[in-house]
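These are my notebook entries on a structure that I examined for the first time. I set down what I looked up, entry by entry.

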Amino acid sequence: VTPPEDKFENLLRWPLADGRWVFATAKETRVLSVRPGDNSPSPAVLGKHLPLTTTVDQIEQLLDGVIGAYLPDRSSPAPKSVHEYLTMLAGNYVVVGGIEKVLAEAIQSAQDSSQPNLADFLRRIYSEEQGHSSLIERDFQSLNVSVSEFSQYINLELAHKLAGLLLEFARCETPQAILGVGYLLETNALMVDMTFLEALERDLPEVRDAMTFLYTHSAVGSEPEHLASLLAFIAQESKLSQSHIIRSCERAATLLG
Amino acid sequence: VGLLTVDQGSSVNLKVQASSITGVSAAAAGSAKVEQTVGVLSGQKYDDVTLDLKTGAISGTGIGVLGKGTSTENIGVLAAATSSNFYLKESLGSVTTIAAGINSSSSANIGYFGGRYADSDKMTISAGNIRAEAYGLDAKADISIGDFNDISNLSGYIDVGNVYARSISASSSSPIRVGYDLAGGSTNLVMNIKVGNIDNKVDVAVGGSSEVYVGTILKPIHQNSRLIISTGDLSSHVVAALGGTNGILIGNINTTAGGNVEVHTGNQSAEAVACIGHVGCLSELVGKKNCIMIGNVGLEADCGNESLIGEAVKELEHLGYEVEQGFVKAGKAIVNTAKNIGKDIKHFFSGW
């Protein structure tokens with residue numbers, strides 16, 4: 001008979017900060033609340049566990065479970081007014097506008113902590129993301145609105161907190177933590193699919209020429225490809241490195257939850 | 001019987017009536033083969049085609065003692081490279097295929113829609129009881145009713161009697177498919193399927209398989225589809241089947257575009273048993289692939305790893321823990337199928 005400890009080798013277990021657990025396999029993830037009874041022993045399955053080698057599917061399910069614990073439904077309706085649309089863009093502008101600085105600092109931290117592979121990967125992301133904030137500026141210009149002026153009149157506290165979190169992770173000794181936040185943002189972007197974009201164009205025809213950012217950062221743009229390469233990188237990282245990434249993903253999810 | 005192959009056809013109305021159709025292929029040594037084709041349209045391009053087929057009982061038997069017997073029935077097949085407005089009407093008696101003997105096979109393919117760019121099609125199929133039995137090493141007895149391949153906008157109505165599948169001995173298989181999507185793609189499908197009792201059994205079959213699929217789309221599709229299925233009692237009994245996939249799968253759609261599945265069934269029982277000496281209980285070894293899987297949207301065919309978490313939960317509960325389940329995600333995320341009205345922008349951070 002297969003020993004129990006081997007039986008659950010491919011069952012990833014992650015303890016959440018609030019005491020719940022995420023259990024994940026390559027095909028499924030579940031968030032569980034586990035309360036010990038009066039005489040319950042401490043079984044091996046309740047320990048944190050990441051296999052020595054993980055597949056892309058396993059790590060994807062685990063991260064989705066961690067995010068799902070705080071954000072069970074991430075689908076959102078398309079904005080219903082131009083103001084709501086511009087608010088959405090302005091929020092993204094805060095995060096995307098700071099990303100080059102975040103990546104530059106993270107590359108430096110990766111070099112300082114002797115992680116050349118991570119530094120190379122971050123450089124690749126840097127080149128892919130460079131100049132993307134200008135897409136939002138262009139979209140604003142198409143609607144004859146200044147992004148900086150508009151941003152003065154709306155509450156972007158959450159966006160600033162998210163940008164601050166990225167910078168904090170980029171400057172620490174384990175800069176791979178920014179990838180956990182990146183995963184959350186990339187998967188958020190997948191919620192913007194063709195149905196979403198068509199609804200936006202139908203409901204707000206006046207923004208039709210001001211959607212270059214969404215067409216780039218969405219399921220119909222470059223995000224699926226970025227997400228695939230991000231997951232491939234995380235999957236081959238060490239258990240320790242993966243732990244930093246998962247923990248940072250959880251912090252970002254807590255922030256948005 | 002009723003075989004039509006042309007490059008281009010329009011407004012074709014093919015009517016075929018036959019009494020019982022029987023094919024028997026028996027080989028005592030060497031090999032023997034029998035193939036029957038009834039009501040087949042194939043070619044390059046068809047528009048506005050009606051194929052109306054009425055038959056009595058259909059049976060195929062492939063028997064091999066030292067040699068190999070092969071029996072194939074192709075009945076009511078519409079396969080053109082490009083087509084639109086097909087209407088396939090079939091009214092059949094009982095359908096039986098039996099394969100007995102090493103490497104013998106017996107196959108019945110009934111009501112098939114295929115070809116690229118097939119659009120706006122309709123199938124109405126009624127049949128009596130269905131029976132597939134495979135006995136012997138590598139024997140295969142399969143029945144497919146209402147398969148479709150690379151089409152869009154299909155309305156299907158299928159009504160069949162009781163389904164009986166038996167696969168007995170190593171590497172034998174007896175798959176039965178009713179309303180099954182072969183290729184995936186961008187099908188927009190509305191399917192109404194009614195089936196009687198389904199009885200599936202695999203016995204002493206190392207690598208053997210017996211699968212019953214009803215209204216199941218396992219290849220990924222990209223459009224919404226609707227399945228309405230009702231069946232009688234379901235029974236899947238797997239004994240000593242190491243490897244292979246066995247079970248009953250009803251109304252499962254593998255899609256990221258959302259789907260609508262209604263399934264009504266009678267009593268259900270699934271069993272994977274047989275403990276072998278000190279090796280362990282076989283249900284534990286093979287159980288993950290033997291299942292009854294009903295009414296899932298966005299799941300893949302394999303019932304496999306799904307249960308590993310379930311097993312862990314059971315162990316925890318066994319140890320006295322109270323386990324409460326929260327967020328669950330199975331397979332790939334289903335994006336934008338349910339949209340709640342959001343009041344803030346927190347989910348709008350898109351990329352980085």
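**Entry 1: a polar side chain.** I began with the side chain of A:Thr29, and found the backbone oxygen of A:Phe23 at 3.3 Å from one of its polar atoms. I then looked at A:Gln61, whose backbone oxygen also lies 3.3 Å from a polar atom of the A:Thr29 side chain. I note that the model is predicted, and that these distances are computed from it.

**Entry 2: the setting of A:Thr29.** I looked up where this residue sits: A:Thr29 belongs to strand 3 of chain A, which covers residues 28-35. Is A:Thr29 buried or exposed? I found a relative accessible area of 0% for A:Thr29, so the residue counts as buried, the cut-off being under 20%.

**Entry 3: the neighbours of A:Thr29.** I set aside residues up to four places away in sequence and listed what A:Thr29 touches. Within chain A, I recorded A:Val22, A:Phe23, A:Ala24, A:Gln61, A:Asp64 and A:Gly65. From chain B, I recorded B:Ile309, B:Phe327, B:Val328 and B:Lys329. I also checked A:Arg13, which is 16 residues from A:Thr29 along the chain; their C-alpha atoms are 9.8 Å apart.

**Entry 4: chain A as a whole.** I counted 13 helices and 3 strands in chain A. The chain has 257 residues, of which 54% are buried. Of its contacts between residues at least 6 apart in sequence, 77% join residues at least 24 apart. I noted an exposed area of about 10,700 Å² for chain A, with 51% of it supplied by carbon and sulfur atoms.

**Entry 5: helix 12 of chain A.** I followed helix 12 through residues 223-235, 13 residues in total. Its first and last C-alpha atoms are 18 Å apart, close to the 18 Å expected at 1.5 Å a residue. Which residues of helix 12 are buried? I listed A:Glu223, A:His226, A:Leu227, A:Leu230, A:Leu231, A:Phe233, A:Ile234 and A:Ala235. I recall that an α-helix has 3.6 residues a turn, so residues three or four places apart point the same way. I then traced the packing: the buried residues of helix 12 meet helix 2 (56-70), helix 5 (116-129), helix 9 (177-190), helix 11 (212-216) and helix 13 (239-256) of chain A.

**Entry 6: chain B.** I found 2 helices and 25 strands in chain B. Of the 352 residues in chain B, 49% are buried. Among its contacts with a separation of 6 or more, 83% are between residues 24 or more positions apart. Chain B exposes about 14,100 Å², and carbon and sulfur atoms supply 50% of that area.

Definitions and conventions
Residues numbered from 1 in each chain as written. Chains lettered and ligands numbered in written order. Predicted model: local features only at pLDDT ≥ 70, side-chain atom pairs only at ≥ 80, totals over all residues. Heavy atoms only, no water. Helix = DSSP H or I, 4+ residues; strand = E, 2+ residues; numbered from the N terminus. Buried < 20%, exposed > 50% of the residue type's maximum accessible area, 1.4 Å probe, protein only. Contact = heavy atoms within 4.5 Å. Polar contact = N/O pair within 3.5 Å; in protein donor to acceptor, adjacent residues only side chain to side chain. Areas by Shrake-Rupley, 256 points an atom, 1.4 Å probe, with all protein chains shown as cover. Expected span 1.5 Å × (residues − 1).
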